[in-house]
Amino acid sequence: MTPDQVLIAHTVKVLALFALVGIVWRGRAHLCWSFVAYLITVIVSNSLFTFWPETFLKAWFWILQEGIFGALNMAIAVELGFRIFQAFPAAQATARRLLFVLLVATSAALIGLPVIPSAAGMGDVVLDWQSRVLTGTIWLMNGLALLITWYRVPVHSYHKAILLGFVPYLLVFTTMLTLVRQNEWLLRAIQSADPAAYMLLTAFWTWSAWKPETQPDVSAAVIRWLQPWRKAPAGNAQAGLVGAPAAARSFQPGRA
């Protein structure tokens, strides 16, 4: 690793640690446990790479790390889908079906990896495998974002920050990785720029983790109905369930 790469890696590690502390300090860990696991994995793998490069800066560990990150990214998408649509039965049923289809499609794409010609070098095989994992993650994240827009579901600011971080980063990086893979010098340039882009992404998550939460100007009953996993506003603690909707209604246009 070059001195610049080591510096960026240490910065990412510190930012991820601060983000994790902020999530715990603000009481937001329960909002997405898989994202907490993701940040812990970032800190651990980053530390192994930077402090013991002679042992862990190897192809086998990089492949293992990318596999774990891919699984955690998918877990984040599934958990966010469950929490965001929890109070909307129609939207939740659609989200479950969509996420299931996308998970099956992604798994099928990964299982098909051995069909890559054996003449291809190890670097080409790893690059193709990484592209498939990232593409599957993009399908899941973008599918979730489209469902949120279609059903007009209110989203917690913390969940929105996770999606706003993942979707642009994965979309840009995967698209560029696929388009320029035949141009070696461009590919190296993108791979060199990726750590800096990820550092900015981690900084955004750190800011979002520490940002004070603003409570909606609605009753505690409405908040408990829309987001049962969220802490109710302190000022409305005695509001009770008066005025809360009796049942969730679909937010899909044209449906009751």
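A contact here means heavy atoms within 4.5 Å. Keep that cut-off at hand for these exercises on a predicted model.

**Exercise 1. Describe the overall fold and how far apart in sequence its contacts reach.**

Let's start with the elements. The protein has nine helices and zero strands, so from the N terminus on, the order reads α-α-α-α-α-α-α-α-α. Next, take the contacts between residues at least 6 apart in sequence: 71% of these join residues at least 24 apart. Finally, look at the surface. Of the 256 residues, 43% count as buried, and the protein exposes about 13,600 Å², with carbon and sulfur atoms supplying 70% of that area.

**Exercise 2. Decide where the coordinates deserve caution.**

Begin with the average: pLDDT comes to 76 for the protein, and 66% of the residues score at least 70. Then go element by element. Confidence is highest in H2, with a mean of 94, and lowest in helix H9 (residues 220-226), with a mean of 62. Two stretches stay under 50. Residues 114-122 form one of them, with five contacts beyond four places in sequence. Residues 233-256 form another, for which the model has 37 such contacts. Where pLDDT is low, the predicted coordinates should not be read in detail.

**Exercise 3. Find the residues that touch the most other members of the largest nonpolar core, then follow one of them outward.**

The core counts 50 residues, and Phe35, Tyr38, Ile76, Phe85 and Phe166 touch the most other members. Helices giving two or more residues to this core are H1, H2 (33-51), H4 (59-84), H5 (89-111), H6 (122-151), H7 (157-179) and H8 (184-210). Now follow Tyr38: setting aside residues up to four places away in sequence, Tyr38 touches Phe69, Leu72, Asn73, Ile76, Phe166, Tyr198 and Trp205.

**Exercise 4. Work out the surroundings of Leu144.**

First, place the residue: Leu144 belongs to helix H6. Second, classify it. Its relative accessibility is 1%, so Leu144 is buried, the cut-off being under 20%. Third, list its contacts beyond four places in sequence: Ala77, Leu80, Gly81, Phe85 and Leu163. One of these partners makes a nice check on distance, since Leu80 is 64 residues from Leu144 in sequence while their C-alpha atoms are 8.3 Å apart.

**Exercise 5. Locate the salt bridge and say whether its partners are buried or exposed.**

The structure holds one salt bridge. It pairs Arg83 with Glu79, the closest N and O atoms being 3.1 Å apart. Both residues sit in helix H4, four residues apart, about one turn of the helix. As for accessibility, Arg83 is at 14% and therefore counts as buried. Glu79 has a relative accessible area of 15%, so Glu79 is buried too.

**Exercise 6. Examine two surface features: a nonpolar patch and an unusual backbone angle.**

For the patch, take Leu17, Val21 and Trp25, which together have about 350 Å² of accessible area. Leu17 lies in helix H1 (residues 3-25). With a relative accessible area of 45%, Leu17 is partly exposed.

For the angle, turn to Arg152. Although Arg152 is not a glycine, its phi is positive, at about 55 degrees. Arg152 is found in the loop between H6 and H7, and its 57% relative accessibility means that Arg152 counts as exposed.

Definitions and conventions
Residues are numbered from 1 along each chain as its sequence is written. This is a predicted model: local features need pLDDT of at least 70, side-chain atom pairs count only at pLDDT 80 or more; totals for chains, interfaces and linings use all residues. Side-chain values use heavy atoms; hydrogens and water are left out. Patches are made of residues with over 30% relative accessible area and no salt bridge: like charges are joined within 9 Å, nonpolar side chains (Val, Leu, Ile, Met, Phe, Trp, Tyr) within 5 Å. Accessible areas come from the Shrake-Rupley method with a 1.4 Å probe; for residues, only the protein chains shown count as cover. A salt bridge is a side-chain nitrogen of Lys or Arg within 4 Å of a carboxyl oxygen of Asp or Glu. Buried means under 20% relative accessible area, exposed over 50%, partly exposed in between (1.4 Å probe, protein chains only). A nonpolar core is a set of buried Ala, Val, Leu, Ile, Met, Phe, Trp, Tyr and Cys residues joined through side-chain atoms within 4.5 Å. pLDDT is the predictor's confidence in each residue, from 0 to 100.
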